Amino acid sequence: MTITEFFRLLNIPLLPSVNYPYIFILSTYYINIYQFSTLTHPYSLSKTLQVLIAQSWEVLYNMHIIIAKPSNLIGPGFSNGVCSIFAKKIIDMEKNKAEKILQATNLNAQRDFLDVRDAVSAYDMLLIQGNSGETYEIASGTSRSLGEVTHCFKSLAKMEFEIISLTTGGKEQQIKILSSKLRNLGWKPTIPFESSLRNMLNFYRKNEKNKN
């Protein structure tokens, strides 16, 4: 809200063109802003309020606002996402700082993972070509289970480790995010999933060396 109000009061676009959006709001694909009963975490509530305020400011003050809804972002760099948690744990295993067991709450859980660098290229395209008032989904279009993720990590690691699921839930329904509106602008993901995981492992290996 503070950033939205800042740009409104200054009455300047984010980039020097009247066709560019004033504010670029990031939501998340997995949050339904119209179903408050489904909000079970402060993070989801904050994102919901962020989107509702942005939409209100667009109507009240005629601001140019685009809402982007990225899926789970992965890739090199610090993060608290599940793939980064796995990558950091694997590097600790390689350094003999952790037991060679990788645990996941539910290996059947389905997610759409997208490299953060592909997401940045999508943001850049939306700032230039996106339509004000539109909501754009940003995703790879491929649903993967955490079981697939952990086994891909295992194939990239420098040692063997055991994979354990803390629950025995059944197979979850696959997630299908088409990102049709964004792809119609010419965007598409370019970084393979395995490359993203490899880059994450190498990032944390390098980071660990710098610590030492």
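The sulfur of Cys83 lies 9.3 Å from the closest cysteine sulfur, which belongs to Cys152. That gap is too far for a bond. A disulfide would need the two sulfur atoms within 2.5 Å. Cys152 is likewise in no disulfide, with the sulfur of Cys83 as its nearest cysteine sulfur. The count of disulfides in this predicted model therefore comes to zero by the distance rule. Both cysteines are nevertheless shielded. Cys83 has 2% relative accessibility and counts as buried. Cys152 counts as buried too, at 12% relative accessibility.

Cys83 also belongs to the buried part of helix 3. The other buried residues of this helix are Ser84, Phe86, Ala87, Ile90, Ile91 and Met93. In an α-helix there are 3.6 residues a turn, so residues three or four places apart point the same way. Such a spacing can be followed from Cys83 to Ala87, and on to Ile90, within the buried set. The length of helix 3 was then checked. Its 13 residues should span 18 Å at 1.5 Å a residue. The end C-alpha atoms are 19 Å apart, which agrees.

Just after helix 3, the backbone takes a positive phi of about 60° at Asn96. This is a positive value in a residue other than glycine. Asn96 sits in the loop that runs from helix 3 (82-94) to strand 4 (101-104). Its relative accessible area is 61%, so Asn96 is exposed.

A positive phi also occurs at Ser179, another residue other than glycine, where the angle is near 55°. Ser179 lies in the loop between strand 8 (162-165) and helix 6 (180-184). Here the surroundings are closed off from solvent by the accessibility criterion: Ser179 has 1% relative accessibility and counts as buried.

The next element is a sheet. Three strands form an open sheet in the order 3-5-7, and the pairing is mixed. Strand 3 (72-74) and strand 7 stand at the edges. Each has a single partner strand, so one side of each is left without a neighbour in the sheet. Neighbouring strands are turned by 55° against each other on average, direction ignored. In general, strands of a sheet pair through backbone hydrogen bonds, either parallel or antiparallel. Strand 3 and strand 5 (residues 110-115) take the parallel sense, over three bridges. Within this part of the sheet, Leu73 stands opposite Leu114 in strand 5.

Helix 4 packs on the sheet and touches both strand 3 and strand 5. The direction of helix 4 makes about 70° with that of strand 5. Helix 4 covers residues 116-129. Its 14 residues should span 20 Å at 1.5 Å a residue, and the end C-alpha atoms are 20 Å apart, which agrees. The buried residues of helix 4 are Asp118, Ala119, Ala122, Tyr123, Met125, Leu126 and Leu127.

At the edge of the sheet, strand 7 (residues 143-145) includes Ser145. Ser145 counts as buried, at 12% relative accessibility. Leaving aside residues up to four places away in sequence, Ser145 touches Leu107, Asn108, Ala109 and Gln110. Of these contacts, Gln110 is in strand 5 (residues 110-115).

Methods: Residues are numbered from 1 along each chain as its sequence is written. This is a predicted model: local features need pLDDT of at least 70, side-chain atom pairs count only at pLDDT 80 or more; totals for chains, interfaces and linings use all residues. Side-chain values use heavy atoms; hydrogens and water are left out. Helices (H or I, at least four residues) and strands (E, at least two) are DSSP runs, numbered from the N terminus. Buried means under 20% relative accessible area, exposed over 50%, partly exposed in between (1.4 Å probe, protein chains only). Contact means heavy atoms within 4.5 Å. The expected span of a helix is 1.5 Å times one less than its number of residues. Two strands pair if DSSP finds at least two bridges between them. Axes are lines fitted to C-alpha atoms, for helices over the stretch in contact, and angles run from 0 to 180 degrees between N-to-C directions.
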